[in-house]
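Grab a coffee and work through these short exercises on charged side chains. Try each one before you read its solution.

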Amino acid sequence: MGFRDVKRSKAATSTRVIAIINQKGGVGKSTTAVNLAASLSEQNRKVLLIDFDPQGNSTSGFGIEKEELEACVYDALLNDMPLEELIHDTCCKKVFVVPATIQLAGAEIELVSAMARETRLKELIEPIKDEFDFIFIDCPPSLGLLTINALAAADSVLIPIQCEYYALEGVTKLLESMRMVKSRINRNLDTFGVLLTMYDSRTSLANQVVEEVRAYFGDTTFKTLIPRTVKLSEAPSFGMPIIQYAPNNKGAKAYVNLAKEVIRRA
């Protein structure tokens, strides 16, 4: 079944393009991209997930074998392949993925001399944008040209922050990059939400981080906390989102709650 055979939600009015971003690695970007997309599909929302990280974790998180791919998002960025030709079905009826492979790592260098290098992704999304309720861009853990492309294409950002020591380290630089993109390339860019991940209620440090982040970002912080669970870590190795791998797990329930919160904000 092609992505055009699946209908959007009648409840949604416009498409939200959201970049999931934090230049720190290991904060739960891909975990959030995969599981939020899957949870939104359970709420009858049609989602496109663009894997924009050369590690391709969102790709493998939906069971797509990177080694078997003939093309990935790199070919759209640099070889003028239409994005719609790269869209893959997933185990979730209303979730579709544009995959990434390690080939995308070369794009940072190759884009430097390209025309309109900061807005390539935005131009690629435009022809298919209205087909989806949500379009998520899973960004690489850096602030290079790939991330700039994601920020130029998005109308807002979702920032996962892990409940660990130095949680807010580097966030200031990220916000500076956002302000630069907003002033020069994308005036409509704003912060959709800040998500606290890897939360362990048993530790005083985690609770302290929650307080610090909420004090810093205020109402922008989602009420939902994503817990640290073994099942959330295991699910990608089976190529499944948590709501399919372990639907009764507290991690699955957290992402379902997050999806509902995202819909209310959208």
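**Exercise 1.** Is lysine 46 buried or exposed? Then find its salt-bridge partner, glutamate 131, and place both residues along the chain.

*Solution.* Bear in mind that this is a predicted model.
- Start with accessibility: lysine 46 has a relative accessible area of 1%. Buried means under 20%, so lysine 46 is buried.
- Glutamate 131, at 23%, counts as partly exposed.
- Now check the contact: the closest N and O atoms of lysine 46 and glutamate 131 are 3.8 Å apart. The cut-off is 4 Å, so the pair counts as a salt bridge.
- The pair links distant parts of the chain, 85 residues apart. Lysine 46 sits in the loop between helix H1 and strand S2, and glutamate 131 in the loop between helix H5 and strand S5.
- Zoom out a little: Arg4, Lys46, Glu84 and Glu131 are linked in a network of salt bridges.

**Exercise 2.** Where in the chain do arginine 228 and glutamate 164 lie?

*Solution.*
- Their side chains meet in a salt bridge, 2.2 Å from N to O.
- Arginine 228 is in the loop between strand S8 and helix H9, while glutamate 164 is in the loop between strand S6 and helix H7, 64 residues apart.
- Arginine 228 is partly exposed at 43%, and glutamate 164 is partly exposed at 29%.

**Exercise 3.** Which helix holds both glutamate 234 and lysine 231?

*Solution.*
- Both lie in helix H9, 3 residues apart, or about one turn of the helix.
- Their salt bridge has its closest N and O atoms 3.9 Å apart.
- Glutamate 234 is partly exposed at 27%, as is lysine 231 at 34%.

Terms used
Residues numbered from 1 in each chain as written. Predicted model: local features only at pLDDT ≥ 70, side-chain atom pairs only at ≥ 80, totals over all residues. Heavy atoms only, no water. Helix = DSSP H or I, 4+ residues; strand = E, 2+ residues; numbered from the N terminus. Buried < 20%, exposed > 50% of the residue type's maximum accessible area, 1.4 Å probe, protein only.
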